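Got your viewer open? Let's take a walk through this structure together, one selection at a time.

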Amino acid sequence: MTRLSPAVLGAGCVVWAAAPLVHTGYSYLALLLAILGVAAGALRLALAALPVPGDTYLTAATQYWIRFLKILQLVPWEEGAVVGVLWLEVLHPSRPWHTAVLGAALIAYLLATHLAESGASPRVLRPQARVLGAGAGLLALGAGAAMVPATGPGAGSTLLRLVAAGLLIAAAVLVLPYVTSDTRPHA
Amino acid sequence: VTTPQDPLLHVPARAFELHWRSSRHARRLLTLSLAGVVIALIARRPEFAGVAAPALVLLAAGRTRDRPARIVVRMRLSSAQTFEGEAVALDVRAEGHGARHVRWTLYPGAEINSGDVSAADGAQVRFIVAARRWGRRRIGTMSVVVRDRWRLAEGHLSVILPVLDCYPGPVDQQITVALRRLPNRFGERVARIAGEGIEFFGVRQYLPGDRQRSINWPASTRRGRLQVNTYAGEHSQDVVLLADATSDAGEPGSSAHDLALRGAAAAARAYLEGRDRVGVITYQWDGVSWLTPRLGRRQLYRIIVSMMISRPLATTASWARGARLGRLPRAALPPGALIVVFSPLLDQRFVESLRNMRERGFTMLVVDVLNAEPPVQRRTPWGSSARANTERMARQLWQMEREAVRFSLRELGVPVVPWDGVQSLDLPLARYARRPLAVRR
């Protein structure tokens with residue numbers, strides 16, 4: 001279940017960002033990148049528990065298999081999937097709440113991937129609950145800022161909204177560490 | 001926390017430096033946030049700034065201010081010596097990491113089996129390892145990852161695990177072969193002469209000084225004179241195990257050398273349990289090492305170690321370069337000793353040495369440990385190639401040669417029994433265990 005959830009979330013993100021598929025801006029390349037990233041990431045997690053033979057003398061097939069496993073472990077597949085999904089999403093016309101849901105799903109995908117690869121239980125995320133809640137609030141604010149009608153025609157008002165959203169996020173980023181700092185004495 | 005039963009209570013601690021770096025999780029969050037911000041700026045779409053926000057907030061909140069530069073690791077093996085396939089517990093504990101999460105991953109060395117679990121979480125964990133094949137084995141390396149509470153930074157260190165001395169697993173051997181004429185030394189084997197044992201030997205006429213409790217009253221009544229029971233003496237014998245390490249053939253793990261070591265270890269244990277004095281001679285290309293026959297359980301481990309280490313640097317065994325079996329000291333090869341040979345009988349020099357020893361009057365028993373044959377090309381449905389026929393003929397010749405070697409030894413009075421290493425050693429030896437081996441000089 002732990003190893004399956006990143007694959008399910010990743011596939012959901014790809015479908016959510018791709019539908020309906022547009023045919024501009026190298027959309028197929030972005031789709032390919034996203035699918036490859038999610039699939040290879042899921043394969044990496046599935047094969048992570050396989051023991052790698054450590055003997056000195058190995059057959060050619062075993063050596064190729066070991067090389068394949070190493071490549072699978074080294075390449076940052078999830079980063080590629082994230083970039084591909086965001087690329088697919090930006091090809092669509094503005095749809096703020098759709099994008100916000102995608103953002104939440106992407107964060108969930110990354111957290112699930114981390115839990116699967118480290119073998120940890122979801123309880124380890126409990127200390128981050130408040131911060132994740134704040135992040136969800138900012139995500140909603142970003143989507144809300146995108147829905148605010150422009151003050152006037154032209155690129156200036158869009159840029160103004162962008163700067164306002166960015167400043168809000170920056171303020172939250174600066175304040176949050178002091179709000180969430182651990183006050184317990186260290187062992 | 002240490003408890004009285006803590007296996008790591010008195011284990012010396014070693015400090016290791018931690019190498020801190022961003023976790024893969026942090027790098028993924030950074031990618032998401034950067035991609036979101038860049039897209040928001042280029043496409044002028046504020047909702048992508050919102051997508052970047054949770055990842056940015058997590059990264060900002062998880063900035064660690066204090067990280068331990070080093071932690072203390074204690075580790076202990078439940079036993080530094082083990083037999084093949086025997087499980088050994090490896091306890092490890094980290095100290096000085098605070099409330100951070102510790103993950104241990106074991107990377108086993110060659111011929112080491114780490115069982116089902118090769119990774120575990122917690123400050124103190126236990127792994128079960130077992131060596132698959134005899135020898136001095138490195139258990140492997142232990143990778144330790146210390147993660148902060150936000151799981152954005154990871155401290156890595158690698159610990160080289162201690163060495164495990166793995167002895168060849170002795171196979172099952174319950175019965176032992178005894179000589180017909182035993183040396184006059186107190187032991188537990190029933191000798192064919194009267195003595196002070198407990199097994200009935202015969203009846204003779206009473207002589208002054210005999211114990212009254214040994215008077216056989218029914219026999220005395222029948223013969224009209226006092227008769228006493230006599231009992232068989234209990235003696236021990238000298239057993240010398242001769243391991244042939246000149247040639248090795250077969251699959252690693254069940255090769256002739258592996259079988260010779262396992263068989264010799266089993267024989268040493270069986271004879272030592274019968275209170276016999278057991279010694280060992282290891283015959284190699286460039287010399288001979290030996291251990292004089294002694295009693296006791298400690299001798300079993302001495303024998304195994306002396307066989308495992310080709311040059312006895314750290315053992316009590318003696319070594320002679322180029323020595324031949326005929327020139328070994330009397331203590332290594334006591335006259336009248338039973339010699340049990342474990343050999344694939346592939347080296348002609350060794351076979352010749354066996355013949356010489358037999359001609360000098362030693363009682364010998366050879367266990368043939370070769371369980372492999374030269375490979376032959378398989379027969380194909382459309383016939384055999386000329387090469388396959390040649391290989392088949394060569395193998396037949398080789399088998400005939402081996403049979404000739406065994407025949408020549410049998411003719412000299414040296415029994416040769418085959419052993420495949422799978423079945424118990426009792427089966428091939430059963431024929432010779434029922435009646436004592438004759439000593440012919």
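Before the first click, a quick term: helices and strands here are DSSP runs, numbered from the N terminus, with at least four residues for a helix and at least two for a strand. Also keep in mind that you're looking at a predicted model.

**Stop 1: a loop residue with a positive phi**

Select B:Glu111. You'll find B:Glu111 in the loop between strand 6 (101-108) and strand 7 (112-113) of chain B. Check its backbone: phi is near 65°, a positive value in a residue other than glycine. Is B:Glu111 buried, partly exposed or exposed? Its relative accessibility is 22%, so B:Glu111 counts as partly exposed.

Now add B:Arg132 to your selection. The two side chains, B:Glu111 and B:Arg132, meet in a salt bridge at 3.8 Å, N to O. This pair links distant parts of the chain, 21 residues apart, with B:Arg132 in the loop between strand 9 and strand 10 (135-138) of chain B. B:Arg132 is partly exposed too, with a relative accessible area of 44%.

**Stop 2: another positive phi**

Jump to B:Arg151, in the loop between strand 11 (140-147) and strand 12 (153-160) of chain B. Here phi is near 60°, again a positive value in a residue other than glycine. B:Arg151 has 2% relative accessibility, so it counts as buried.

**Stop 3: more salt bridges**

Over all chains, a search of the whole structure finds 24 salt bridges. Pick out B:Asp91 and B:Arg126: their closest N and O atoms are 2.8 Å apart. B:Asp91 sits in strand 5 (residues 87-95) and B:Arg126 in strand 9 (residues 124-131) of chain B, 35 residues apart. With 3% relative accessibility, B:Asp91 counts as buried.

Next, show B:Glu95 and B:Arg93, another salt bridge, with the closest N and O atoms 3.2 Å apart. B:Glu95 is partly exposed at 24% relative accessible area, whereas B:Arg93 is buried at 5%.

For a whole network of salt bridges, select B:Asp368, B:Arg402, B:Glu403, B:Arg406 and B:Arg410.

**Stop 4: a buried glutamine**

Go to B:Gln237, in the loop between strand 15 (227-235) and strand 16 (238-244) of chain B. At 0% relative accessibility, this residue counts as buried. Which backbone oxygen does the side chain of B:Gln237 reach? That of B:Val177, at 3.0 Å. B:Gln237 also touches other residues, including B:Tyr271, B:Asp276 and B:Leu338.

**Stop 5: two helices in chain B**

Highlight helix 4 (residues 256-273) of chain B. Its 18 residues should span 26 Å at 1.5 Å a residue, and the end C-alpha atoms are indeed 26 Å apart, so the two values agree. The helix is mostly covered, with 15 of its 18 residues buried. It is followed by B:Arg275, whose phi is positive, near 60°.

Then find B:Leu354 in helix 6 (residues 348-359) of chain B. B:Leu354 counts as buried, at 1% relative accessibility. Among the residues it touches are B:Leu242, B:Val341 and B:Met364. Try a distance from B:Leu354 to B:Met364: their C-alpha atoms are separated by 8.5 Å, and the two residues are ten apart along the chain.

**Stop 6: over to chain A**

Select A:Ala19 and A:Pro20, joined by a cis peptide bond with omega about -15°. A:Pro20 lies in the loop between helix 1 (4-18) and helix 2 of chain A.

Last, show A:Leu43, A:Leu50, A:Trp65 and A:Phe68, which form a nonpolar patch on the surface with about 340 Å² of accessible area together. Of these, A:Leu43 is in helix 2 (residues 27-47), and counts as partly exposed at 38% relative accessibility.

Methods:
Residues are numbered from 1 along each chain as its sequence is written. Chains are lettered from A and ligands numbered from 1 in the order in which they are written. This is a predicted model: local features need pLDDT of at least 70, side-chain atom pairs count only at pLDDT 80 or more; totals for chains, interfaces and linings use all residues. Side-chain values use heavy atoms; hydrogens and water are left out. Buried means under 20% relative accessible area, exposed over 50%, partly exposed in between (1.4 Å probe, protein chains only). Contact means heavy atoms within 4.5 Å. Patches are made of residues with over 30% relative accessible area and no salt bridge: like charges are joined within 9 Å, nonpolar side chains (Val, Leu, Ile, Met, Phe, Trp, Tyr) within 5 Å. Accessible areas come from the Shrake-Rupley method with a 1.4 Å probe; for residues, only the protein chains shown count as cover. A salt bridge is a side-chain nitrogen of Lys or Arg within 4 Å of a carboxyl oxygen of Asp or Glu. A polar contact is a pair of N or O atoms within 3.5 Å; within protein, one must be able to donate a hydrogen and the other to accept it, and residues adjacent in sequence count only if both atoms are side-chain atoms. The expected span of a helix is 1.5 Å times one less than its number of residues. Lists of a residue's contacts leave out its neighbours within four places in sequence.
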